[in-house]
Amino acid sequence: MAGRGRAWRSGAVGLCLLLLPLTGCGGGQSSTGTAMAEVQQVLDRRSAAVLGHDEKAYAETGTRSSYADLRAVPLADWSYRLTALHADGAGATAAARLSYRIQGYDKAPVTTDRTLTLSRTADGQWYVSHDRPAKKSGQQLWDQGRVTAVRSSHALVLGVGQSSSTLRGYARLADAAVPEVSKAWGTDWTRRVVLLVPGSLDGMAGLLGAPASNYRGIAAVTTGEAGGSGQTPADRVILNPEAYAVLGPVGRQVVLTHETTHVATRAHTTAATPLWLSEGYADWIGYLDTGRTPTEAAPELARAVEAGEVPENLPADKDFGFTDDPTKLAQAYEGGWLACRMIAGHWGEEKLGAFYRAVGAHKERAGAVEDALKAELGTTLPDFTARWRDYLTAQLAD
């Protein structure tokens, strides 16, 4: 995150500029309120133009470049709420909260903070000259360029710097993933996914508001509200096109099915759910019917087991950190997958789903796995862990 600076000015004029959002200066409270009301009206007109696909009306409120960038996004709602206005001569900088919904996908608005640069025309009318993410807020896809949209039976794919044919390829993968996830998990979810495909790893990091180094080698990430009521924005599956490009056909499908599983299980994935279970279950569905053997799908853990280094315990949440050693990260995913594979093989696939839901329904992390193991699988954590360690040896050792 870039460092945050502060500009200092001397004299009474500078003091007025710094305090304008709260008090005005020289009895200017009403003029400050008038300016904010005028700017809000401009933002309301700008929002109406976005929703009405009226480029001319949009241009009358300021720069039209962003209109072309977001025009392809199927929006149900779009609005700004002005929260602060810092006037500076003929212009101003505004802080605003943007809320929007994607038609047919978002049951509640996505909200994000924006910083707007405003100017005045010769006759004193406000207009927006720049609209960008506020500090500490991630980018939206259209901040990175013109968005192309592709729709399919089960997916909306939005991309920047990608051809329509490439995006259609992602849509086909999503259309194959959704039925597979529903077959294993059930149909109590939307059975639709939103995929965001930026032009690069840096673009992915910009959408997530994090350093690119955190996601190098990570093919995709799903964002969403865990354990929600269902009245939330749709999850976004954000792809890393650089990592995705090096995968083969099976690997690409596994990744999309894995991320689609996160979308399907979101309402039952809570703070009580350990990452070995949420990631392992997503990999379990991802690898179903691929024909991949344990040693093929878990090469790092296989090497460790062959060297006599069988893990003592199930992977901890900290083992899944993207900035950790990549070998340790791979072993964590592989260990979670094999734990879920073991449950499905010994207790049955339905019991695996019931176990997942039971863990997520627990009020807190402490005791969640233990209680669900007892209730759904009739075992204890020490016995389950010992069985898992034996399973690793049986499946991965030569």
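1. Two rings of Phe, Tyr or Trp are taken as a pair here if their centres lie within 6.5 Å, with the six-membered ring standing for Trp. On that basis this structure, which is a predicted model, holds 15 aromatic pairs.

2. One of these pairs is formed by W78 and Y100, whose ring centres lie 5.9 Å apart and whose planes make an angle of 35°, so that the arrangement counts as tilted, being neither under 30 degrees nor over 60. Since W78 belongs to strand β1 (residues 75-88) and Y100 to strand β2 (residues 91-102), the pair ties together parts that are 22 residues apart in sequence. Both W78 and Y100 are buried, and the two residues also belong, with Y80 and W142, to one aromatic cluster.

3. A further tilted pair is made by Y281 and Y356, with 5.0 Å from centre to centre and 50° between the planes. This pair links distant parts of the chain, for Y281 lies in helix α9 (residues 275-287) and Y356 in helix α13 (residues 349-361), 75 residues apart. Y281 has a relative accessible area of 1% and is therefore buried, the cut-off being under 20%; Y356, with a relative accessible area of 0%, is likewise buried.

4. Aromatic rings also meet charged side chains in this model, as two contacts show. The charged end of R46 sits over the ring of Y58, at 3.9 Å from the ring centre, while the charged end of R357 is placed over the ring of W185, at 3.5 Å from its centre.

How values were computed
Residues are numbered from 1 along each chain as its sequence is written. This is a predicted model: local features need pLDDT of at least 70, side-chain atom pairs count only at pLDDT 80 or more; totals for chains, interfaces and linings use all residues. Side-chain values use heavy atoms; hydrogens and water are left out. Helices (H or I, at least four residues) and strands (E, at least two) are DSSP runs, numbered from the N terminus. Buried means under 20% relative accessible area, exposed over 50%, partly exposed in between (1.4 Å probe, protein chains only). A charge sits over a ring if NZ of Lys or CZ of Arg is within 6 Å of the ring centre and within 35 degrees of the ring normal.
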